[in-house]
Structure formats: C-alpha cells, structure tokens
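Student: I would like to learn how to read a fold from its coordinates. Could you walk me through one model, feature by feature?

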Amino acid sequence: MFYDLNPGDKIGLVSPSRFVTKEDIARGVAYLQSLGFEVITAPHTFDKFRFMAGTAEARAEDLMMMYQDKSIKAIFATSGGDGAQYLPPLLDWKIIAKNPKPLVGLSDTTALQNAIYTKTKQVTFTGLTLNYDFRSGALDKCLDKSVKTILFGNAFAYKSGKALIEGKASGILVGGCLSLLRNLCGTEFFPDLRGKILLVEDVEEPTYKIDLMLQQISQCKGFNKLNGIIFGKFLDCTIRRKEDGNVNEVIKFFCQGLDIPVICDFDYGHNFKRYMLPLGARVEMESTAKCVVKAEG
C-alpha cells in the first residue's frame, strides 16, 4: 500500500501553479467530499500574482503548512498550468521527508512531484486536477475508477497502449509532463534515471520541440541505464513543418537503438480518459501484444 488513506481523512488543497477561483474547483472539491474526505483549503489557494496563484513564497508556505500538519493525510494541487517550478528551492526538504504524504496533481505538478521523489523518495500520484478534469461536469469513468484504486492503496493492472519495443521490465516510475521534467534538467531536483521506468506525455507542444526535449532527457544522468519507457498521450501537438514529423514519427526515431521495453499511446496525459499513476513507486510494465502497467499498491 502506498499510503493508508481512508474515508474521513483530512486532505489539503494547495495551488502551486496557475491561479484558480472557488468556482473553478467546486466540482472537484465536491468529488473529493463524495469519497469521504474532509477538505481543508490552504490560506493562499485563491491568491493571484501575475498568472500564478500568489507569490512563490506564499505558495511554498501553503505547501509546507500542509506537510507539517499531521492531521492532513494527502495534498491535492488545484490545477496545473505554470509556476510550480518556482517552489522546489523554497521548500524545507527535511520537514517533507519526515512527513510523508501523497501530493496529487497533473501536468505542471510534475516539477514538484519529481523534486519530491529526488529529495525524499516519497511516492506522489499523477493524474488528477480539480479544475481541468471536471469541466464537463463529471470525472471520466476510467479516471474515476483509477483515482479510487490509487488513493485507497489497491493493486492495479492497467491495460493500455501499443508496444514499440517488446519486453518486460520493472523499476521506479518517474516523469510525467515532458516539458516540466525537461525544465528540471541540470538542477538538483532532476531524478537519477538509473533503473527507472520513464513516463512522459505533453500537450500543445510543436513536434520539433518534443524531439529536442527528448534529446535533452536522453543526455541526463542515468538515461542509458533506464529499464523502460511509457509514452502517454501527446494532445494537440502541432507540426511546424512536414519535415519535423508527427508525434509517432518523433517517438519512433527517438527509440531507434534502444534495447528496453517501450509502450506508446498509453492512457495517461491531458486527455480526459486516463489512469492515475504512482510516481516514485515500483511498477512493472509489459510491452507485448497486450501492454500492461501494474503495481501491488
């Protein structure tokens, strides 16, 4: 079991990225309450500074408050967007290490989640935001089931994707949104890739930039010791010139010469149908006729 979460637990809301209003996250909050959680909102959750939810110092203060409060059993980011990368240098990593609890988010939260793993080896959950995922009124059925599975510590075996390079592997899962993971390159917060399963997806990025971001990741420490790669969905990624190629062509070119299992088109990313996944946890992947990603919980 990743964490011992139960109905009745207190969970905290923070806004480490783009600003939100109470109305933006009302449906998401109601969903968490429907799972039996008591929702506690951090003081600066609805602040606004430039495009972000308050100053970096205020957002870091909220996050630290939630880690220090022992009654809070999990922390949920209200949204993705931009701005989470400001926070890792401002956090007290000793306090976070002594108070393990999951940080739940998607997209921009990738910067925080991988920093948390690198500094503390704690598991975080990627795959849910309280504004983006409820815009149509209700959570996608696939994601709803997955969220309940992961939050309450159950084993999972997600069948999705296509095999690009066949094989089986296990390792600690790292990654998330490619552009945010790339932004950590060269910092103390980028995870060592040795023995890891790398998960990547992105949205609204030109394919030539995806190509270049993948190249930068491949030149980071431990990439040549990766155990496997899972490519999620790349949503609304435009082709600047035909020579740049589409996403599938970029990925296929990138994977030439690799001798590790690779899954493509896995249901994870900015698409509404997706699976929640535990970053920092050991998972197993099977890249065969039926692609599977699984963990014991």
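Tutor: Gladly. Let us begin with helix length: the expected span of a helix is 1.5 Å times one less than its number of residues. Keep in mind as we go that this is a predicted model.

Student: What span does α1 reach from its first C-alpha to its last?

Tutor: α1 has 13 residues and reaches 17 Å, close to the 18 Å expected. The helix does have a kink of about 30 degrees, centred on G28. Just after α1, G36 takes a positive phi of about 100 degrees.

Student: How do I read which way the residues of a helix point?

Tutor: Here is the general idea: an α-helix has 3.6 residues a turn, so residues three or four places apart point the same way. Now the case at hand: the buried residues of α1 are I25, G28, V29, Y31 and L32. Their cover includes β1, β2, β3 and α5.

Student: How many residues of α5 are buried?

Tutor: Eight of its eleven, so to speak a mostly covered helix. The buried ones are C142, L143, D144, S146, V147, T149, I150 and L151. They pack against α1, β3, β4, β5, β6 and β12.

Student: Let us turn to sheets. In what order do the six strands of the open sheet lie?

Tutor: The order is β2-β1-β3-β4-β5-β12, with mixed pairing. At the edges are β2 (38-41) and β12 (277-279), each of which pairs on one side only. On average, neighbouring strands are turned by 30 degrees against each other, direction ignored.

Student: In which sense do β1 and β2 pair?

Tutor: They are parallel, and four bridges link them. For one residue pair to look at, take L13, whose bridge partner in β2 is T41. Helix α1 packs on this sheet and touches β1, β2 and β3, its direction making about 165 degrees with that of β1. Helix α4 also packs on the sheet, touching β4, β5 and β12, and makes about 150 degrees with the direction of β4.

Student: Which strands make up the open sheet of eight?

Tutor: In order, they are β6-β14-β13-β8-β9-β10-β11-β7, again with mixed pairing. β6 and β7 (162-165) stand at the edges with a single partner strand each, so one side of each is left without a neighbour in the sheet. The twist from one strand to the next averages 30 degrees. β6 and β14 run antiparallel and are joined by four bridges, and F156 stands opposite A295 in β14. α4 packs on this sheet as well, touching β8 and β9 (196-203), with its direction at about 125 degrees to that of β8.

Student: How should I read the side chains along a strand?

Tutor: In a regular strand the side chains alternate between the two faces of the sheet. Strand β13 shows this pattern: V283, M285 and S287 point to one face and are buried, while R282, E284 and E286 point to the other and are not.

Student: What are the pairing partners of β13?

Tutor: One is β8, antiparallel over six bridges, with S170 opposite E284. Another is β14, also antiparallel, through three bridges, with E286 opposite V292. β13 and β14 form a hairpin with four residues between them.

Student: Now for the interior. How many residues does the largest nonpolar core have?

Tutor: It has 54 residues, and those with the most contacts inside it are L198, I210, I217, I229, F231 and F234. Helix α2 (residues 56-68) gives the largest share of this core, six residues. Apart from it lies another core, of 49 residues, including L13, L35, L151 and A169. Looking back at the largest core, I229 touches L198, F223, F254, L258, I260, P261, V262, I263 and M285, not counting residues up to four places away in sequence.

Student: One last residue: is A111 buried or exposed?

Tutor: A111, which lies in helix α4, has a relative accessible area of 1%, and because buried means under 20%, A111 counts as buried. Leaving aside neighbours within four places in sequence, A111 is in contact with A84, Q85, P88, L180 and L184. A111 and L180 are 69 residues apart in sequence and 5.6 Å apart in space, C-alpha to C-alpha.

Methods. Residues are numbered from 1 along each chain as its sequence is written. This is a predicted model: local features need pLDDT of at least 70, side-chain atom pairs count only at pLDDT 80 or more; totals for chains, interfaces and linings use all residues. Side-chain values use heavy atoms; hydrogens and water are left out. Two strands pair if DSSP finds at least two bridges between them. Helices (H or I, at least four residues) and strands (E, at least two) are DSSP runs, numbered from the N terminus. Axes are lines fitted to C-alpha atoms, for helices over the stretch in contact, and angles run from 0 to 180 degrees between N-to-C directions. Contact means heavy atoms within 4.5 Å. A nonpolar core is a set of buried Ala, Val, Leu, Ile, Met, Phe, Trp, Tyr and Cys residues joined through side-chain atoms within 4.5 Å. Buried means under 20% relative accessible area, exposed over 50%, partly exposed in between (1.4 Å probe, protein chains only). The bend at a residue is the angle between axes fitted to the seven residues ending there and the seven starting there.
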